[in-house]
Amino acid sequence: MSGRPSPHAAPLPEPSTIPENGWHCGHFFYRFRREAMAAPLTPECVTQFCAALSPPDDVAPERIASYWISGHEADFGLIVMDPDPAKVDAIHQSLIAPPLGQFIEGVWSFVSISEVSEYVPTIERFRDRLISEGADPESDELKAKVAAYERRLPMMNEQRLRPEFPDWPAACFYPMNKSRVPGANWFTEPFSHRNKMMAEHAQSGIAFAGKVSQLITVGVGLDDWEWMVTLWARNPDYLKDIVYKMRFDIASAKYAEFGPFYVGYRAGADEILDHCKVR
Amino acid sequence: MSGRPSPHAAPLPEPSTIPENGWHCGHFFYRFRREAMAAPLTPECVTQFCAALSPPDDVAPERIASYWISGHEADFGLIVMDPDPAKVDAIHQSLIAPPLGQFIEGVWSFVSISEVSEYVPTIERFRDRLISEGADPESDELKAKVAAYERRLPMMNEQRLRPEFPDWPAACFYPMNKSRVPGANWFTEPFSHRNKMMAEHAQSGIAFAGKVSQLITVGVGLDDWEWMVTLWARNPDYLKDIVYKMRFDIASAKYAEFGPFYVGYRAGADEILDHCKVR
Amino acid sequence: MSGRPSPHAAPLPEPSTIPENGWHCGHFFYRFRREAMAAPLTPECVTQFCAALSPPDDVAPERIASYWISGHEADFGLIVMDPDPAKVDAIHQSLIAPPLGQFIEGVWSFVSISEVSEYVPTIERFRDRLISEGADPESDELKAKVAAYERRLPMMNEQRLRPEFPDWPAACFYPMNKSRVPGANWFTEPFSHRNKMMAEHAQSGIAFAGKVSQLITVGVGLDDWEWMVTLWARNPDYLKDIVYKMRFDIASAKYAEFGPFYVGYRAGADEILDHCKVR
Amino acid sequence: MSGRPSPHAAPLPEPSTIPENGWHCGHFFYRFRREAMAAPLTPECVTQFCAALSPPDDVAPERIASYWISGHEADFGLIVMDPDPAKVDAIHQSLIAPPLGQFIEGVWSFVSISEVSEYVPTIERFRDRLISEGADPESDELKAKVAAYERRLPMMNEQRLRPEFPDWPAACFYPMNKSRVPGANWFTEPFSHRNKMMAEHAQSGIAFAGKVSQLITVGVGLDDWEWMVTLWARNPDYLKDIVYKMRFDIASAKYAEFGPFYVGYRAGADEILDHCKVR
Amino acid sequence: MSGRPSPHAAPLPEPSTIPENGWHCGHFFYRFRREAMAAPLTPECVTQFCAALSPPDDVAPERIASYWISGHEADFGLIVMDPDPAKVDAIHQSLIAPPLGQFIEGVWSFVSISEVSEYVPTIERFRDRLISEGADPESDELKAKVAAYERRLPMMNEQRLRPEFPDWPAACFYPMNKSRVPGANWFTEPFSHRNKMMAEHAQSGIAFAGKVSQLITVGVGLDDWEWMVTLWARNPDYLKDIVYKMRFDIASAKYAEFGPFYVGYRAGADEILDHCKVR
């Protein structure tokens with residue numbers, strides 16, 4: 001590709017690091033470097049830790065949430081979102097800046113951008129699907145459902161692009177790919193087939209309404225996996241239940257490849273320091 | 001999924017980190033950081049080690065057992081269970097808190113929750129299976145067997161959810177997945193087929209009654225593998241015998257993917273310190 | 001192969017480290033070793049850092065650009081090009097020389113050479129393709145298109161071999177292979193088929209003219225992947241858009257294997273030090 | 001499995017860590033931590049090293065042999081066998097105990113148990129095989145061969161369970177699995193087919209009688225691979241020759257998956273220290 | 001295999017570490033541990049470095065060559081050959097002995113033995129191939145070609161077993177396996193087919209006579225890959241050209257699996273120290 005725009009194309013936006021629609025999203029997982037800690041963190045380090053997780057307004061990202069993480073790999077994790085990628089990464093940099101950085105190691109992270117997936121039905125596709133499922137195209141019921149979807153869609157898309165984080169105690173985080181192996185190649189399937197599989201997959205999630213809330217962000221071209229999944233749950237039981245149930249959906253069973261899973265529990269800076277016994 | 005419960009659904013439980021049925025389960029494997037040990041552990045560190053493995057009642061988890069581990073990767077390991085995930089993880093955090101944490105490195109862990117698998121037959125399915133195997137539906141023998149299973153099932157499920165740990169000297173620990181590769185995709189098999197394979201697999205285990213006891217906990221949505229297997233054995237010979245035998249079951253031969261194996265021998269804190277020659 | 005040239009062959013060029021056509025290309029990604037930084041970098045180290053990224057004319061490579069990198073794996077990255085491989089590697093060596101090298105760790109790099117791919121159509125192949133697409137071999141339109149391509153080709157090839165780096169804020173970097181697994185073996189496909197797939201793949205890129213500019217360099221025989229992809233973008237949104245779109249091209253969907261992805265934002269030495277809070 | 005023995009079964013042996021038939025076997029590979037060695041090992045560390053490899057009688061395992069290892073990954077390796085797993089592991093623990101442990105890192109190990117494989121023919125199977133190969137069931141020759149095998153078998157099995165280590169200068173060590181991928185699944189093959197393949201495989205070895213001696217121990221349920229192979233050779237040439245030849249046996253060509261290979265040369269503690277220039 | 005030679009076999013050679021035909025070959029790649037270098041290497045370390053690469057005659061191996069290596073993984077590399085494996089490994093041990101070993105880390109190595117491959121045609125096979133390609137068995141031309149091959153073969157085999165290293169500036173090093181996956185299993189192909197593929201593969205190399213010289217050594221039974229490839233080139237361009245060309249040969253396209261690639265440039269000890277800016 002030559003870098004030369006067609007002379008008849010719409011004028012291109014100014015160069016920018018701010019996406020047109022979505023937000024940058026950073027998932028960061030850390031452990032305390034106990035091997036370097038002959039003693040608990042100094043008050044200076046404790047202050048730096050708390051400040052990094054509660055940045056002053058002028059550098060605060062739009063969203064930030066913290067969790068202590070189960071298991072030996074990570075002690076705590078963050079999810080951060082903002083239109084500006086530098087603001088997202090600045091949280092990470094604040095945490096590992098000297099002197100606290102001597103005692104904290106990043107163990108995994110994922111860089112992604114929020115978006116409205118191509119599989120989210122437009123009003124038209126939503127209407128067509130109802131008709132294909134047997135609805136009468138002229139019925140008032142159909143019109144009412146379509147109208148309701150039309151009212152709901154902007155709010156749902158807002159939640160996809162600029163989500164509020166639920167206040168639930170448990171969450172899990174994992175990246176995934178769609179497979180491209182011979183015999184199970186998602187990317188050679190036609191859109192209609194992929195769309196149908198994704199619609200069925202979405203149905204699996206509806207059974208968990210009120211129990212689990214999900215956010216899918218895109219890592220394609222940005223990090224080592226294609227998508228990042230964030231699941232917030234009212235109870236950790238629901239995390240295993242929903243992921244287990246969804247694993248049987250053909251979109252997952254046949255096509256999904258999963259990366260590392262981290263499970264965590266909502267906790268502020270103080271709770272993390274206490275749980276980890278480092279002060 | 002929208003996070004909005006259906007208005008007609010049963011009211012949802014309060015947000016909590018305590019599972020409704022199972023217990024949180026943590027497997028932790030560690031090595032002593034000999035590279036940092038110019039001398040044996042100080043008395044302070046020895047005290048911290050022993051205290052971490054025998055926590056006071058108010059923070060003690062429901063179950064905890066410790067093992068010295070064969071081979072160079074890990075020196076010792078723990079299995080911990082409790083309804084509260086913070087109590088499970090606190091054992092880990094106590095062990096690696098300053099100053100002992102300078103000399104201990106977590107090398108592997110697994111986060112899971114206990115459950116009654118969908119393949120455990122209900123009373124009805126148990127009865128149906130016997131009939132399908134030729135039992136007379138009206139016979140007293142069938143009724144007796146069903147009644148016995150009905151009496152036994154609550155106890156067996158209790159052992160699955162809140163197990164007593166046997167006092168045997170040997171144990172092995174490993175995680176596993178069911179494969180989803182083209183040609184061997186467990187998750188696209190119908191339940192009836194999976195259930196049949198799991199029943200046959202269970203038969204393999206029955207030959208080891210009194211020799212091996214197993215616990216299967218669920219890592220789906222929580223950690224990098226779908227299941228965690230704990231085998232306790234009267235003799236380490238039986239560990240290799242049962243795993244070898246089961247590898248030929250179609251559920252394993254065709255569909256199982258295995259993670260790292262750790263073999264260990266029951267040992268208290270003092271025995272671990274002595275075996276590892278670190279005090 | 002015997003090392004003995006045929007007596008009738010053209011005389012061989014003198015031994016040299018300078019490629020006949022392309023330039024050596026180095027991609028380097030680094031993190032600051034926060035574990036060793038009780039305090040910010042000393043002025044001496046800051047000076048070394050800035051000098052390494054702005055070398056004096058006599059050792060400066062033909063091209064060099066720097067980026068801060070999102071996520072925990074790398075803090076910053078470089079792309080360097082020059083006919084002399086020692087000049088490319090010298091940038092890396094300057095950065096990690098004592099004393100700054102105590103605080104910088106190379107986390108990933110890729111060694112490649114620029115080239116004009118065998119899939120870039122010659123004038124003749126360009127003309128044949130137009131005809132095969134329906135153009136009249138004798139038409140003035142065809143002649144004009146071929147003449148235009150003939151004028152453009154040297155400039156395009158110059159950009160492939162000795163590219164100017166665009167001044168856009170975002171970039172992503174990743175290596176790739178063409179797969180050789182049974183059922184999807186790129187290297188057993190005839191040239192005509194590979195060429196057709198690559199032409200379609202190039203079409204996907206044309207939609208991003210003015211938004212994304214790419215450089216493909218060759219790692220075959222030099223590093224662990226066959227090709228290195230550098231994408232520069234006017235906005236990070238376009239990075240995910242183009243890579244996602246291209247993933248459906250059969251050349252990618254069926255045959256591409258991807259290595260690690262790094263996304264970064266154009267930044268000079270000072271901006272990197274500030275963003276990373278290390279001075 | 002319930003852990004409850006059948007009331008009619010033979011009484012179970014007492015819980016024990018001592019296998020009924022085989023011995024525990026440990027393979028350990030180490031490197032000297034040159035990064036921590038500003039000077040050669042102190043006399044105290046040299047003494048610890050030599051003592052660990054020549055333990056006093058009361059803690060000495062039944063078998064122990066040491067080798068210096070070629071290449072950068074490991075400097076030396078041990079193979080240790082004993083009925084008691086704690087005695088095997090104690091050799092490892094003695095080596096890495098303070099203060100020597102500061103300067104030695106375990107880089108790989110394997111935990112296994114010796115056994116008589118199910119593919120070793122019983123007297124009956126040996127006789128049947130000869131007949132199936134054309135021997136006359138009533139011939140004196142057949143009877144003589146069977147009688148000879150009957151005399152030899154106990155000694156051969158003793159060597160499998162409690163082997164003498166040959167005094168040859170070269171050895172190689174590697175673990176392996178039998179594959180379970182679709183299209184090459186060892187564990188879904190019937191015993192008769194597996195047995196035939198293993199018999200052919202054994203034939204490949206016979207050509208190396210006097211040149212190579214092998215020991216196969218079982219890691220199933222104990223470590224990350226199913227089997228551990230130890231080959232002792234009169235000359236390192238034979239190591240590559242036998243492994244290359246056997247790779248064409250269908251049991252290997254189609255079904256074997258190999259882990260890391262270590263090649264070493266018989267050496268006592270002093271020779272290792274001298275070869276590694278650490279004192 | 002029993003270790004008992006047949007009573008009628010030729011007497012076995014004495015146990016030895018010296019191969020009958022080939023030489024031991026070590027490839028070693030290192031980086032300077034900049035994290036430990038607050039200052040350049042001391043004169044003592046510089047002296048040790050230079051001495052290790054130019055050992056005195058009594059311990060000097062038959063062949064040794066050194067290279068600085070492009071990219072972040074390794075700073076320099078060595079290829080060493082000798083009949084005695086201890087002499088090869090001693091070069092490595094000299095380099096990492098105290099005190100220099102504090103500042104040098106081995107990052108990759110490969111252990112192999114040189115040999116004349118089974119695919120090198122004997123005189124007879126060479127003659128048969130010419131005839132099968134259409135030569136007249138009685139022609140003088142055929143006789144002349146066979147006679148020339150007969151004269152050349154000992155020299156070519158000498159170069160395979162005990163090669164002179166060319167004085168060219170560029171080299172690349174990589175290990176490889178022949179695949180054994182279902183659908184592409186080299187080891188289940190008959191010799192005639194493998195031999196034909198290898199002959200075609202050799203043809204690809206002939207186009208690079210005078211530009212590239214290769215050495216193939218055997219790692220089967222000795223290290224983690226089956227073969228090690230060393231390519232020396234008059235220009236680094238030829239490295240990518242030959243490896244790219246050969247990748248389309250069916251022997252590579254379908255059956256080759258490649259390990260890490262290292263590309264380097266011929267350099268003595270002084271040049272390495274200067275290029276790496278460590279003194």
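This report looks at how the chains of this predicted model are arranged and how chain B meets chain A.

## How the copies are related

Let's start with the symmetry. A turn of 72° with a shift of 0.0 Å along the axis lays chain C on chain E, at an RMSD of 0.0 Å. That is the relation of a five-fold axis. Within chain C, Pro182(C) has the C-alpha nearest the axis, 6.8 Å from it.

Chain B can likewise be laid on chain A by a turn of 72° and a shift of 0.0 Å along the axis, with an RMSD of 0.0 Å. Here the C-alpha of Pro182(B) is the one in chain B nearest the axis, at 6.8 Å.

## Where chain B meets chain A

The contact draws on 53 residues of chain B and 57 residues of chain A. Together the two chains bury about 4,400 Å², with 61% of that on carbon and sulfur atoms. Because only 2% of the interface residues of chain B are also interface residues in chain A, the copies meet through different surfaces.

## Polar links and the chain B side

There are two salt bridges across the interface of chain B and chain A. One of them joins Glu226(B) to Arg247(A), whose closest N and O atoms are 2.7 Å apart. Polar contacts between the two chains number 17 residue pairs, both residues being at pLDDT 80 or more.

On the side of chain B that touches chain A, strand E1 (24-32), helix H2 (85-96) and strand E4 (104-114) each give two or more residues. H2(B) provides the largest share, eight residues. By type, the residues on this side of chain B are 26 nonpolar, 15 polar and twelve charged.

Terms used:
Residues numbered from 1 in each chain as written. Chains lettered and ligands numbered in written order. Predicted model: local features only at pLDDT ≥ 70, side-chain atom pairs only at ≥ 80, totals over all residues. Heavy atoms only, no water. Least-squares fit on C-alpha atoms with pLDDT ≥ 70 in both. Contact = heavy atoms within 4.5 Å. Buried area = accessible area lost by both parts, 1.4 Å probe. Salt bridge = Lys/Arg side-chain N within 4 Å of Asp/Glu carboxyl O. Polar contact = N/O pair within 3.5 Å; in protein donor to acceptor, adjacent residues only side chain to side chain. Helix = DSSP H or I, 4+ residues; strand = E, 2+ residues; numbered from the N terminus. Nonpolar A, V, L, I, M, F, W, Y, C, P; charged D, E, K, R; others polar.
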